[in-house]
Amino acid sequence: MRILVLGGTTEARQLAGLLAGDGRFQATLSLAGRTRDPAPQPLPTRIGGFGGVAGLADYLRAEGVRAVIDATHPFADQISANAEAACAAAGVPLAVLSRRPWTAGAGDDWRRVPTMAAAARLLAGLPDTVFLTVGRQELEPFLAMDRRFLVRAVDPPDVLPAGATLVLDRGPYTVAGEMVLMRAHAVGTLVTKNSGGDATAAKLQAARSLGLPVVMVDRPPAGTAPRFYTASDAVDWLAAHGTSAV
């Protein structure tokens, strides 16, 4: 059964590991190519876009793909929308493998906003220094602001807010390490996206312990495809579709 996994996340790598050792599937992993040094993958990997909805639909037909798993980042809304439209056009089943979103708990001071622009506007009433952990491609709303920023990214951003301090690092992180970083830079506010998962959740625990407000950008609206939160559940879904197609 030919499978296409749209990846670039820890969840996609976990799924790739399961599919690589499962003789029922012949899977290909697709990466958008935005990370400059992607981690090694256990599946044959293609890098780059498909050329929009039409290009992806043509690929699915030409390669005889029988199912697609969208395991891209929860904020990769354009890729996910293209996958849903292309699968519908090609008549290929689609499921989403995602991370469970974070939820606020006792002691958290979250300010939820729908967009990155709304997060930038909200900073007017919140303390410096602002710790931006939103990814290198989401900095535009903050560029013209007269604030102190600490920016963390995996790869260097093309542009930074004036006077920002840049930290290049890749998770997973620890609570102790996050608290040391926040104290060292006198962080007063954390801005993040609700990416979910464990690899970067330590910053939220650190912010809670330090009593810092968190500006939390909500996820884009979800599509209609079935959604799973573990790689094994996604494999079970693929197996069910393979059996039903025989």
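Select strands S3, S2, S1, S4, S5 and S12, in that order: these 6 strands form an open sheet with parallel pairing. Strands here are DSSP runs of E with at least two residues, helices are runs of H or I with at least four, and both are numbered from the N terminus. Two strands pair if DSSP finds at least two bridges between them. Strands of a sheet pair through backbone hydrogen bonds, either parallel or antiparallel. Look at the edges, strand S3 (45-47) and strand S12 (227-228): each has a single partner strand, so one side of each is left without a neighbour in the sheet. S12 is joined to S5 by 2 bridges and runs parallel to S5. Select Leu 97 and Phe 228 to see one bridge pair, with Phe 228 in S12.

This is a predicted model, in which local features need pLDDT of at least 70 and side-chain atom pairs count only at pLDDT 80 or more, while totals for chains, interfaces and linings use all residues. Residues are numbered from 1 along each chain as its sequence is written, and side-chain values use heavy atoms, with hydrogens and water left out.

**The whole chain**

Zoom out. The protein chain has 7 helices and 12 strands. Its radius of gyration, taken over C-alpha atoms, is 19 Å, close to the 18 Å that the globule rule (2.2 Å times the number of residues to the power 0.38) gives for 246 residues, so the chain is as compact as a globular protein of that length. Along the principal axes, the C-alpha atoms fill a box of roughly 60 × 35 × 30 Å. Of the 246 residues, 45% count as buried. Buried means under 20% relative accessible area, exposed means over 50%, and partly exposed lies in between, with a 1.4 Å probe and protein chains only.

**Strand S7 and its partners**

Select residues 130-133, strand S7. Are its faces covered or open? Both are covered: Val 130 and Leu 132 on one side, and Phe 131 and Thr 133 on the other, are all buried. Add strand S8 (residues 149-153), which pairs with S7 in the parallel sense over 3 bridges. Then add strand S10 (residues 189-193), which runs parallel to S7 and is joined to S7 by 4 bridges. Now pick Phe 131: it stands opposite Leu 150 in S8, and its bridge partner in S10 is Leu 190.

Stay in S10 and select Thr 192. Thr 192 counts as buried because its relative accessibility is 0%. Leaving aside neighbours within four places in sequence, its contacts (heavy atoms within 4.5 Å) include Trp 102, Thr 133, Lys 203 and Met 216.

Move to Ala 153 in strand S8. Ala 153 is also buried, with a relative accessible area of 5%. Not counting residues up to four places away in sequence, Ala 153 touches Arg 136, Val 167, Leu 168 and Asp 169.

**Helix H6**

Select residues 202-210, helix H6. Which of its residues are buried? They are Ala 202, Lys 203, Leu 204, Ala 206 and Ala 207. These buried residues pack against strand S6 (110-113), S7, S8, H5, S10 and strand S11 (214-217). H6 is followed by Gly 211, whose phi is positive, near 70 degrees.

**Backbone details in the loops**

Select Asp 128 and Thr 129: a cis peptide bond joins them, with omega about -15 degrees. Thr 129 is in the loop between helix H4 (116-122) and S7. Next, the peptide bond from Gly 171 to Pro 172 is cis, with omega near 10 degrees. Pro 172 lies in the loop between strand S9 (165-168) and helix H5 (175-184). Then go to Ala 186, in the loop between H5 and S10. Ala 186 is not a glycine, yet it has a positive phi of about 50 degrees.

**The second largest pocket**

Rolling a probe the size of a water molecule over the atoms shows where empty space is left. Select Ser 80, Pro 221, Ala 222, Gly 223 and Arg 227, which lie nearest the centre of the second largest pocket among its 23 lining residues. Helix H3 (77-90) and strand S5 (94-97) are the elements that give two or more residues to this lining. H3 gives the most, with 4 residues.

On a 1 Å grid over the protein atoms alone, a pocket is an open set of points where a 1.4 Å probe fits, with protein on both sides within 12 Å along at least five of seven lines; lining residues have an atom within 4 Å of a point.
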